Amino acid sequence: MKNRSLKTKLTLLYTVLMTLVILTALAVLLSLSGQALRSGVQTALREQVHQSTRDITPFEDRLEIDSDFYDLDQGIYLSVYGEDGTFLYGRVPYGFNTGEFLRDGQLRTLSSSETQWYVYDARFDLQPYGEVYIRGVSSVAAADHSTAVTFRFAGILLPLMAAVTAFIGYRMTRRALLPVRRITETVQKIQTDEDLSRRVGLGSGRDEIYRLGKTFDGLLEKLEASFQREKQFTSDVSHELRTPLTVILNQCGAMLEHPDLSRTEREGLLLIQKKASDMARLISQLLLLSRADQGRQPVNPELLSLSELTEITAEEQQALAAEKDITLETRIQPGIMAAVDETLYIRMLTNLISNAVSYGRKGGHIYVSLDLENGMAVGRVRDDGYGISEKDLPHIFERFYRGDSSRTDSSHSGLGLSMAQWILKVHSGFIDAESTPSKGSVFTFRLPAASEDRSPKKT
């Protein structure tokens, strides 16, 4: 039951409750109708007996019986008995004991040959003939038959009413939960598109669901404003820091050209220059992501050879890998074309390789490959380094997230994978990662490839 939807639960609850109400009502009605049917048969029996005297003409020595007396009106048998209980005229049902004692004014239920009967006797003074008894006999089964018919009708009606109730309950519940469905769809779209500008927009309403929708819209407005302020702050700070960093780097470069620097001074300036370069690279990444968040980062795709771009980028990163005594090997299928922004693609691949170097072992290997699979350009950057722990793996594409920092150099900002993911996303591609601690990691990216019969543009 826990796995069922709220709509199903409410429909089942409504159907069960209404079915119980219908069953209770039918049980009461059937009970009352059964009693009413039996009471009706007994009343008809008394009336027939008392009205039967109109079909009897008394004489001093005999009674003349009209043919209507012998008719089975409503299944009632009528018979006439003498004052001493002797049967004189009339009809008696088969199997009924005609010697049953006569009792004036009493309605009894008698059993005979596995059949039950309603019996009513009444004494009349028919002058000049004298006193006689008229007996009426009616089968109890006749009344029970009518009750059974009612029960069968109820047995047909109940499932039909239950089905109608379930249908009506489902439609009512579905209509009542439409706002909830709209809220859910809005949340899902926000999660998928990462677009906080969406609103539920249920409109005017006073019930709890409408109030929930308005509250949710208000929360989204505050979140959107908060994120916009954060993005703007990141953009403003990055812009403001670029100028002093440029000055620091220029001054470091100029001072390092001075021939009179001591060894200690030169080492200090080189350290300042390296840290300033790292900071400049971080600010550049922040600006790119900030512009991407605000939709201001230009993307200029061109039909290019991914095979050549991948080969060139890998060669450029070999020097970085060599500094850590890591061997970088490539296996690139030639002739793979795709419409990409050259600068962004190179940046994405550079981030992946530098990330592999940061988490690689001294003396280890990095393998860069590119293949064409089912119309997609599939690239892989694999290393045999320290790997990523199971708890860190779901978070590696989050901004500023870093795994075990003791195994990476301090220049690793935690923005490279976030940037790579965004670059692939704007090119209608995606990236995923697999890793085994102490054995290494593999990052796989996929991009839509262009037709093979199209030649690449020169860059």
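Contact here means heavy atoms within 4.5 Å. With that in hand, the predicted model can be read from one buried glutamine outwards. Q317 lies in helix α6 and, leaving out residues up to four places away in sequence, touches L328, T350, I353 and S354. Its relative accessibility is 9%, so Q317 counts as buried, the cut-off being under 20%.

Three of these partners, T350, I353 and S354, also appear in the contact between α6 and helix α7. Two packed helices are described by the angle between their axes and the distance between the axes. For α6 (residues 306–323) and α7 (residues 342–358), the angle is about 40 degrees and the axes are 10 Å apart. The pair is therefore oblique, and α6 passes α7 in a right-handed crossing. On the α6 side, the contact is made by L306, L309, T310, T313, A314, Q317, L320 and A321. On the α7 side, it is made by E342, Y345, I346, L349, T350, I353, S354 and V357. By type, the residues of this contact divide into 10 nonpolar, five polar and one charged.

The helix pair leads naturally to the nonpolar interior. In soluble globular proteins, nonpolar side chains tend to be buried together. The largest nonpolar core of this model has 42 residues, and L306, Y345, L352 and F443 touch the most other members. Helix α7 supplies the largest share of this core, with eight residues. A second, separate core holds 19 residues, including V41, L45, L78 and L126.

Y345 deserves a closer look. Setting aside neighbours within four places in sequence, Y345 is in contact with L306, L309 and T310, each of which belongs to the α6 side of the helix contact. The other partners of Y345 are V340, L370, I423, F445 and L447.

One of those partners, I423, is among the buried residues of helix α8. This helix (residues 416–426) is largely enclosed by the rest of the structure, because eight of its 11 residues are buried. Along with I423, the buried residues are G416, L417, S418, M419, A420, W422 and L424. Just after α8, S428 takes a positive phi of about 60 degrees.

Elsewhere in the chain, Y81 sits in strand β3 (residues 76–82). With a relative accessible area of 1%, Y81 is buried. The C-alpha atoms of Y81 and R135 are separated by 7.6 Å, although the two residues are 54 residues apart along the chain.

Technical notes:
Residues numbered from 1 in each chain as written. Predicted model: local features only at pLDDT ≥ 70, side-chain atom pairs only at ≥ 80, totals over all residues. Heavy atoms only, no water. Axes fitted to C-alpha atoms, helices over the stretch in contact; angles between N-to-C directions. Helix = DSSP H or I, 4+ residues; strand = E, 2+ residues; numbered from the N terminus. Parallel < 35°, antiparallel > 145°, perpendicular 65-115°, else oblique. Left-handed = near helix turned anticlockwise from the far one by under 90°. Nonpolar A, V, L, I, M, F, W, Y, C, P; charged D, E, K, R; others polar. Core = buried A, V, L, I, M, F, W, Y, C linked by side-chain atoms within 4.5 Å. Buried < 20%, exposed > 50% of the residue type's maximum accessible area, 1.4 Å probe, protein only.
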